[in-house]
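Biologist: I should like to understand the reasons behind the terms used for this structure. May we take them one at a time?

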Amino acid sequence: MTLQRDSLAGAAPPAGIAPADFARLSALIEQRCGIQLPDSKRVMVEARLRKRLQQLGLTSFADYWRLLADAQRREPEMGPLTDALTTNKTDFLREPAHFQVLEQSILPRLYRAGVGGRTPLRLWSAAASTGEEPYTLAMVLDQWGRTQRPFDFSILGTDISTRVLAHARQATYQQSAIAPLPEAWRQVYLLRARGANVPAPYRIAPALRARVRFGQLNLMDPDYGLPERVHIIFCRNVLIYFNRQTQADVARKLTRNLLPGGYLFVGHSESLHGVDLPLASLAPSVYQHQGFPAASRGAA
Ligand SMILES: C[S@@+](CC[C@H](N)C(=O)[O-])C[C@H]1O[C@@H](n2cnc3c(N)ncnc32)[C@H](O)[C@@H]1O
């Protein structure tokens, strides 16, 4: 294997993906992950897959497609393929208006109804990427909770990509990543990461990490299998990769995992306008669940 890799090191990069193979690959990705890969993404896909071909010791995209066409060899490859083709861009405090709506309007309402006090608040970040979104939410909730005692919450972060989930669980970040966080929050919620193998200098403090757990979940799954419905869902900047029908299907399944009266946040450039669901618009890209008819109340 090492020999093979070495012998490839100086070799010319593989030629591009043949149009027919690209069409099959994008159909496979859309079917499994929901992500659309139009022809305009071909160069990006080639660039992202070159490293994977090298790791596998393959010299052409045709060989890679032959691997994916073989059902037995395809399944173990779906994880690395998904890791390579998902776009994981995220930031701490991304789209800050959402956190203002949360703190100024939604948390007081929920708290008055006993959520966070009598019962813990449950929040789900459904495309959590490397963790910046769920940890931002944990900071916002913790800050808000400092004004209300007792205040209890838990956050579930899920993503399709195991690579980003490993990063999220490790919770270490570069200086550039933590830049959006106010200095006062950095003092409370970040520690200097120590150890020879630490990949980045800052780590989320243990008390905050204890509030957030992570798991793999594909939004294309027919049943999300959450143990309980939640009060708030953040599903931001992932629906944009899906076609309209998939967006509607995912929104329906998310809504079924939301408690009546709960809140759904999508990305600022995403809209559920025209999707037939019991959701009322509360603020730009923030929706409130209006309650299902009793017959369809089962969780998706
Ligand atoms: C652009 S990031 C958005 C991260 C974060 N929500 C934010 O707004 O900053 C999109 C994330 O969606 C994940 N994703 C893509 N397809 C998915 C699917 N079918 N199920 C679950 N997660 C998916 C990707 O792995 C990626 O981490």
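The conversation below covers the sheet, the cavity, the pocket and the ligand of this predicted model.

Biologist: What makes strand 4 and strand 5 a pair?

Modeller: Two strands pair if there are at least two bridges between them. Strand 4 and strand 5 (residues 202-204) are joined by 3 bridges, so they meet that requirement. One of the partnerships is that of Arg192 with Tyr202 in strand 5. The two strands run antiparallel.

Biologist: Why are strand 3 and strand 4 called edge strands?

Modeller: The open sheet has 3 strands in the order 3-5-4, with antiparallel pairing. Strand 3 (172-173) and strand 4 (190-192) each pair on one side only, and they are therefore the edge strands.

Biologist: Why is one space called a cavity and another a pocket?

Modeller: In a cavity a 1.4 Å probe fits but cannot get out, whereas a pocket is an open set of points. A search of the whole structure finds 1 cavity of 30 Å³ or more. About 50 Å³ of space lies in the largest cavity, and the largest pocket has a volume of about 350 Å³.

Biologist: What makes the lining of the largest cavity 7 nonpolar and 1 charged by class?

Modeller: The lining consists of Ile17, Asp21, Leu25, Leu49, Phe61, Tyr64, Trp65 and Leu68. Asp counts as charged, while Ile, Leu, Phe, Tyr and Trp count as nonpolar; therefore the classes are 7 nonpolar, no polar and 1 charged. Helix 2 (19-33) and helix 4 (61-69) each supply at least two of the lining residues, and helix 4 gives the most, with 4 residues.

Biologist: Which residues lie nearest the centre of the largest pocket, and which come nearest the ligand?

Modeller: Of the 24 residues that line the largest pocket, Thr87, Ala127, Asp159, Asn237 and Val238 lie nearest its centre. The pocket lining divides into 11 nonpolar, 8 polar and 5 charged residues. Of the 22 residues around the ligand, Thr90, Arg94, Ala127, Asp159 and Asn237 come nearest.

Biologist: How do you know that Arg94, Glu133 and Asn237 make polar contacts with the ligand?

Modeller: The cut-off for a pair of N or O atoms is 3.5 Å. An N or O atom in the side chain of Arg94 is 2.8 Å from an oxygen atom of the ligand. For Glu133, a polar side-chain atom lies 3.1 Å from a ligand nitrogen atom. For Asn237, a polar side-chain atom lies 2.8 Å from a ligand oxygen atom. Each pair is within 3.5 Å, so each is a polar contact. Taken alone, the ligand exposes 600 Å², of which the protein buries 99%.

How values were computed
Residues numbered from 1 in each chain as written. Predicted model: local features only at pLDDT ≥ 70, side-chain atom pairs only at ≥ 80, totals over all residues. Heavy atoms only, no water. 1 Å grid on protein atoms, 1.4 Å probe; cavity = no way out; pocket = protein on both sides within 12 Å on 5 of 7 lines; lining within 4 Å. Points joined across faces, edges and corners; volume = space filled by probe spheres on them. Near = heavy atom within 4 Å. Polar contact = N/O pair within 3.5 Å; in protein donor to acceptor, adjacent residues only side chain to side chain. Areas by Shrake-Rupley, 256 points an atom, 1.4 Å probe, with all protein chains shown as cover.
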